[in-house]
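The exercises below are to be worked with the sequence and the structure open side by side. Each one sets a task and then solves it in steps.

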Amino acid sequence: MKEFIYFAFKNTKFKIGLAILLFFLILAIIGPYVSHYKDPLEYVSMSNLPPSRENWLGTTTFGQDVFTQFVYGLRSTFFIGLFGGGLATIIGLLIGFIAGYKGGLLDDLLMMLTNILIVIPTLALLIIIAAYLPYRGIGIQSVIIGLTAWPWTARAVRAQTLSLRSREFVNLAKITALRPLKIVLEEIAPNMMSYVVMVFILQFAGAILAAVGLDFIGLGPTKGISLGLMLQYSTLWNAIQLGIWWWFIPPGLAITMIVSSLYFLNIGLDEIFNPRLREE
Amino acid sequence: MIKAKDLTKVFNSGLLLSKNIITAVDEVNFEIGRGEILALVGESGSGKSTIGKMMLKLLKPSGGQILLEDKDIFSISNNKEFYSRVQGIFQDPYSSFNPIFKVNRIFKLVRQSFKKEISISEWNDRVEEVLKKVGLNAGDVLNKYIHQLSGGQLQRLLIARALLMDVEVLVADEITSMLDASTRVDVLEALLSLKEIGASILFVTHDLSQAYYISDKIVVLYKGSVVESGSIEKVFSNPMHPYTRMLLDSIPQLDRKWEEDRISVEDFDKSRAAWKEGLCKYIDRCSLADVNCMRPKLKLVEEDHYVACVKI
Amino acid sequence: MVEIKGLKIYYKTLRGDAKALDDVTFTINDREILGIAGESGCGKSTLGNSLILLKPPMKYVSGEVRLNGERLPIDNTVEMRKYRYKKIYLIPQYAMDALNPTRKIGGIIKDLVGQHRVKYEEIEGRLHERLRMVKLPKDILNMYPFELSGGMKQRLVLVISTLLNPDLLIADEVTSALDVSSQKAVSLMFKEFRDREIVNSIIFITHDIAVLYQIADRIVIMYAGKVVEIGPTEEIMANPLHPYTKALIKSLPNAGIRHTKEKLEGIPGHPPNLINPPAGCRFRDRCPLADENCLEEPPLAEINKGQYVACWKVKDL
């Protein structure tokens, strides 16, 4: 652990990624408290005002405060990343562990399911599911994303479990009469911690992007606000053509930066965990 | 104590249409008595590790039985009961420990699984005591991670684990092959101390010198079949099967040089020639064999000495 | 003839340099098989690798290596390219598993000689002759590596490695992963290649002294990055002088010894940490004879003719 922290804070990619992510995270947490307005959808001012002291990031065509929308949108984005990405990670881990450790028929069946989900175009599936839901909140959106994003994780976890399963310490655990669940959770899983962390980060980024994609084509939450919805509304009301840059630049930039920071973190962690990449 | 009866293991590989059947272990019989060490000797691919895995219930046999005091071990459904009597040590000491935990975890798990009734402090005293028996100092080794210890120390920790459990049967699968000569001896000695308290040990090895040093009985395997078995003194002083002789001939000795004109290499054409059911498996490398050497049965040649060769 | 003088090779680590080879000096004579033995971590493999390809974290510190009087640029991996394979070659421990599994063996050989700007046609006759010598049929050139057994692969590697008749062949633990029968066959084939002057000299690195006794002319015993004893094979085996050599030979179970008749002895303790090795003799902590004299480093001195030992106590024996 000490070694991990030592290398983590020597790694520039990790530090940059962490700094950007923390910046947006803190903004999402404290933003709603410092903004002048409580409801991001409330009409509070004149329309299309540029940034000012009253409206820090200006207002929309409807006179809503862009800063308030932005910070609430950040919250939804982190929520979707955490829950959507988290759900995908957990399902992927579970299926990967079971398939890899148990093997045999169960493995064949689970991998068949996984491969079928991989070949179905995810976006098309998301559109169909989203279109059939009369009411869509951010929670439901995360669940839909989580339920469709796990197959790659499951495959990778299965491969890792297979290779760890053949190590002698697993055999030693078996002849110590440990239960299979205990072997998976206490012997195999801890050896994949670094991998699990990285998978989660990638799923986090993937979930954010998937949500933005859904929002943008109009299948986002029917209630509330998100960065993707901000982008959709701004293009819908010709913000780009009218030069209302304060409406679409903040959400667009934030999404780009959050996702990039996650990739930076991922690459950084890879270098930290993998001693061969560490030695430059 | 423990007995293998017509033990057979067949591996199926390939898809449904192109079946590829490998008989890794072919009707092997042996018995290890209390306080006895039996050496299971053979080259890589002879099936010796597969036998070890089956004795530890890590693999299911395709045929035959393993009897622990006349009871089929696969009918013992209580794993705790079985593994408190039968234990194993594997070839690679580094891979036998989970790299993210300290090595004392193996002892903690043993207490949790088998000896819950013993208090932690008493358990720790016992651990210290058995470590002394295998020549280790508890303070030097217990609180360490694997990369801080040598292979010999790790392998002795595993023997200490078996000592601690008072096992009746120990499967030692090539436990010295990854160790340096200077520490190998300590591991062999630790194994002998286990034998002294009455354990039956299956010593799987490809090193005939070590087999002779430590064992009472020997089983020589070739491609899954027993070619020669019996008391170690008899097999070593009077090897009868051409394969056993070739093996003994190949040992690099410290006082006798190899006979250079007698090297045995696979005869490529013979081994690639179509495998005919019912022929002796050693036919491709045998100097005595002719084309119709049939699959021989083990037969008694003298007391406590069995050979499977039709030329004898 | 290969002369190694005062060679120091360190490994860069986070906690400082590990002195894997510390002031190693010896020569390999023409038409000689020189065995190098020692426990894991004694520097024997580092020695072999450093003569071929000095890869980071290995670091050249000082010393020189001369091949027939010519200084080898072992600290310059680019310059070394001229010598590698043609004059001096290394068979690493897992060479037999490193053959490209997707190429036929003939193709692998064509690629290899091509990389060294040698026409395959020029060496084809020689290749066939050598395969006969190691008792492999010509047909294997049309086969894939996985179709061969371990012993066959190792014999093939011997042929491939010596196609250009190198002056020095370094074999690093080439028989360790083989079964006894293949071990014997492969070891004796190395000897035959030397006898037939296909290679001039061989460095045979192994942890198994019994194999060295079978084929080596002289043996170098290494301990913790230092040479502790050099001598003719028969002398080393019959009359080892350094306490470490003695203990090492005593710890080997020879066929024909049973625990009921004779107890083998291990060597208590461990080799020292090479990042910060103790001053003086490095075997000091494990040596039954050590005293305050051993705080100073013993030089490698000729005790009997051709037998060099680095130990202060050797005269008292």
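Two strands count as paired if DSSP finds at least two bridges between them. The model is predicted.

**Exercise 1. Find the partners of strand β10 of chain B and give examples of bridged residues.**

Solution.
Step 1. Start with strand β9 (residues 217–222) of chain B, which pairs with strand β10 (residues 225–231) of chain B in the antiparallel sense, over six bridges.
Step 2. Pick out residue pairs. B:Ile218 has B:Gly230 in β10(B) as its bridge partner, and B:Lys217 is placed opposite B:Ser231 of β10(B).
Step 3. Look at the turn. The hairpin of β9(B) and β10(B) has two residues between the strands, and B:Lys223 takes a positive phi near 45° there.
Step 4. Turn to strand β12 (residues 305–307) of chain B. β12(B) and β10(B) run antiparallel and are joined by three bridges; the bridge partner of B:Ser229 in β12(B) is B:Tyr306.

**Exercise 2. Is β10(B) largely enclosed or largely open?**

Solution.
Step 1. The cut-off for a buried residue is 20 or more other C-beta atoms within 10 Å of its own.
Step 2. Six of the seven residues of β10(B) are buried, so β10(B) is largely enclosed by the rest of the structure.

**Exercise 3. Place these strands in the open sheet of chain B, identify the edges and add the helices that pack on the sheet.**

Solution.
Step 1. Write down the order. The sheet has eight strands in the order β6-β7-β8-β3-β9-β10-β12-β11 (chain B), and the pairing is mixed.
Step 2. Read off the ends. β6 (86–89) and β11 (299–302) of chain B each have a single partner strand, so one side of each has no neighbour in the sheet.
Step 3. Add the twist. On average, neighbouring strands of this sheet are turned by 20° against each other, direction ignored.
Step 4. Add helix α1 (residues 48–55) of chain B. This helix lies across β3 (37–41), β6, β7 (169–173), β8 (200–205) and β9 of chain B, at about 150° to β8(B).
Step 5. Add helix α7 (residues 181–196) of chain B. Helix α7 touches β3, β7 and β8 of chain B, and its direction makes about 150° with that of β8(B).

**Exercise 4. Describe the surroundings of B:Lys144.**

Solution.
Step 1. Locate the residue: B:Lys144 is in the loop between α5 (138–141) and α6 (151–164) of chain B.
Step 2. Classify it. A residue is exposed at 12 or fewer neighbouring C-beta atoms, buried at 20 or more, and partly exposed in between. B:Lys144 has 15 other C-beta atoms within 10 Å, so B:Lys144 is partly exposed.
Step 3. List the contacts. Beyond neighbours within four places in sequence, B:Lys144 is in contact with B:Lys102, B:Val103 and B:Leu149.
Step 4. Check one distance. B:Val103 is 41 residues from B:Lys144 along the chain, and their C-alpha atoms are separated by 6.1 Å.

**Exercise 5. How compact is chain B, and does the radius of gyration of chain C agree or disagree with that of a compact globule?**

Solution.
Step 1. Chain B has 11 helices and 12 strands. Its radius of gyration is 21 Å, close to the 20 Å that the globule rule gives for 312 residues, so chain B is as compact as a globular protein of that length.
Step 2. Of these 312 residues, 47% count as buried. Among contacts in chain B between residues at least 6 apart in sequence, 65% join residues at least 24 apart.
Step 3. Chain C has eight helices and 12 strands. A compact globule of 317 residues would have a radius of gyration near 20 Å, and the 20 Å of chain C agrees.
Step 4. In chain C, 46% of the 317 residues count as buried.

**Exercise 6. How many residues does each chain give to the contact of chain B with chain C, and to that of chain A with chain B?**

Solution.
Step 1. For chains B and C, 33 residues of chain B are in contact with 37 residues of chain C. On the chain B side, α7, α8 (208–214) and α10 (242–250) are the elements that give two or more residues. That side divides into 16 nonpolar, 10 polar and seven charged residues.
Step 2. For chains A and B, the contact takes 13 residues from chain A and 17 residues from chain B. Helix α8 (residues 168–175) of chain A gives the largest share of the chain A side, six residues.
Step 3. Check the confidence in this helix: among the elements of chain A, α8(A) has the highest mean pLDDT (93).

Methods
Residues are numbered from 1 along each chain as its sequence is written. Chains are lettered from A and ligands numbered from 1 in the order in which they are written. This is a predicted model: local features need pLDDT of at least 70, side-chain atom pairs count only at pLDDT 80 or more; totals for chains, interfaces and linings use all residues. Two residues are in contact if their C-beta atoms, placed from the backbone, lie within 7 Å. Helices (H or I, at least four residues) and strands (E, at least two) are DSSP runs, numbered from the N terminus. Axes are lines fitted to C-alpha atoms, for helices over the stretch in contact, and angles run from 0 to 180 degrees between N-to-C directions. Ala, Val, Leu, Ile, Met, Phe, Trp, Tyr, Cys and Pro count as nonpolar, Asp, Glu, Lys and Arg as charged, and the others, Gly among them, as polar. pLDDT is the predictor's confidence in each residue, from 0 to 100. The radius of gyration is taken over C-alpha atoms; the globule rule is 2.2 Å times the number of residues to the power 0.38.
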